[in-house]
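Please open the model in your viewer and keep the sequence panel beside it, as each stop below begins with a selection.

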Amino acid sequence: MTKQRILSVIAVIILLGVYAVDYFLTEDAQKEIIDKGVEEKAATNTFFLPTSTTGQVVHHNGYSLSYNETYEQAEWVAYELKKTHLSKTHYKRPYFEIDRAVKTGAANWRNYKNSGYDRGHLCPAADRRYSKAAHDETFLTSNISPQEHQFNSGIWNVLEQKVRYWARKYNGVFVVTGGVLKGEMKVIGTEHVAVPKQFYKVLIDMNSGRPKMIGFLVPHKNFRVPLKRLVVSVDTIEQLTGIDFFPKLEDKLERRLEASSNYKDWGL
């Protein structure tokens, strides 16, 4: 073997060694991120968290989620929206980033590129304007679902604004949001991100003296109707999704609240 070939072999061995070290360091760093995501955060109110049908719950500082790998999105995103969280501060929109805390791998934002669908937030950035970090955290890909633009900026936006109104009025509400991941759905991107045909939003108010709950089931299309026409019982949404929304409530109270589709207590 010539000297030149020996040097070439040594160079390849060194290069492979560098790649191996980099790989294992990256793997360790990834594991650390995943482990951190499993940990409950200071603001995590586990009492109100739904069950997960996938067993993959991730806790971020401003919200928690249950990721469904089959459909490449969260089956629910849950968070407490307090009156003190509401702010008119406007932060610059950051780029979307892959949520590295999702063990099975969250979908890449590129799936949405040229798809004709918005990267629709489940926990709205506007609900997390109390700090830049909280705002920017909503731009993780685990917190988005494909939404038609006119839906996202139309009826869905109207509902999100109403939630903020109620948070102010009732000194805070707990919110659970997601797409109905069921049946045959269109998919986008190389990872086949599912496009839900319906979205839901469930709220509970435990702060205004008399507990109340309300559920919304919203067809994924461009239309305008009064929000009260979208109200359904939480039981209805549970049957559609297989999710138990407030399992830690006292059973009698849970049954009463989840069976009701009364919207008048919410001023609709």
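Two strands are taken to pair if DSSP finds at least two bridges between them. In this predicted model, select strand S1 (residues 57-59) together with S2, which pair in the antiparallel sense over 3 bridges, and look for Val58, which stands opposite Leu65 in S2. The two strands are joined by a hairpin that runs through 4 residues.

Stay on S2 (64-68) and colour by burial: 5 of its 5 residues are buried. Ser64, Ser66 and Asn68 are on one side and Leu65 and Tyr67 on the other, so that both faces of the strand are covered.

Next, add strand S3 (73-81), which pairs with S2 in the antiparallel sense over 5 bridges; here Ser66 stands opposite Trp76. In the hairpin of S2 and S3, with 4 residues between the strands, centre on Glu72, whose phi is positive, near 55°, although Glu72 is not a glycine. Most residues other than glycine have a negative phi. At 6% relative accessibility, Glu72 counts as buried.

From there, move along S3 to Glu75 and show its side chain. What does a buried glutamate without a salt bridge have around it? The nearest side chain of opposite charge, Lys182, is 12 Å away, but the side chain of Glu75 makes polar contacts with the side chains of Thr53 (2.5 Å) and Ser66 (2.6 Å). Beyond its neighbours within four places in sequence, Glu75 is in contact with residues including Asn68, Thr177, Tyr200 and Ile243.

For a second positive phi, select Asn171, in the loop between helix H4 (155-169) and strand S6 (173-179). Asn171 has a phi of about 60° and is not a glycine; with a relative accessible area of 49%, Asn171 is partly exposed, whereas Glu72 is buried.

Finally, select helix H5 (residues 234-241) and show its buried residues, Val234, Ile237, Glu238 and Thr241. They cover an arc of only 105° around the axis, and therefore lie on the same side of H5. An α-helix has 3.6 residues a turn, so residues three or four places apart point the same way. To see what this buried set packs against, add strand S9 (198-205), strand S10 (212-219), strand S11 (231-232) and helix H6 (251-259). The tour ends at Gly242, which follows H5 and has a positive phi, near 80°.

Methods. Residues numbered from 1 in each chain as written. Predicted model: local features only at pLDDT ≥ 70, side-chain atom pairs only at ≥ 80, totals over all residues. Heavy atoms only, no water. Buried < 20%, exposed > 50% of the residue type's maximum accessible area, 1.4 Å probe, protein only. Lys, Arg positive; Asp, Glu negative; His and termini not counted. Salt bridge = Lys/Arg side-chain N within 4 Å of Asp/Glu carboxyl O. Polar contact = N/O pair within 3.5 Å; in protein donor to acceptor, adjacent residues only side chain to side chain. Contact = heavy atoms within 4.5 Å. Arc of directions from axis to C-beta.
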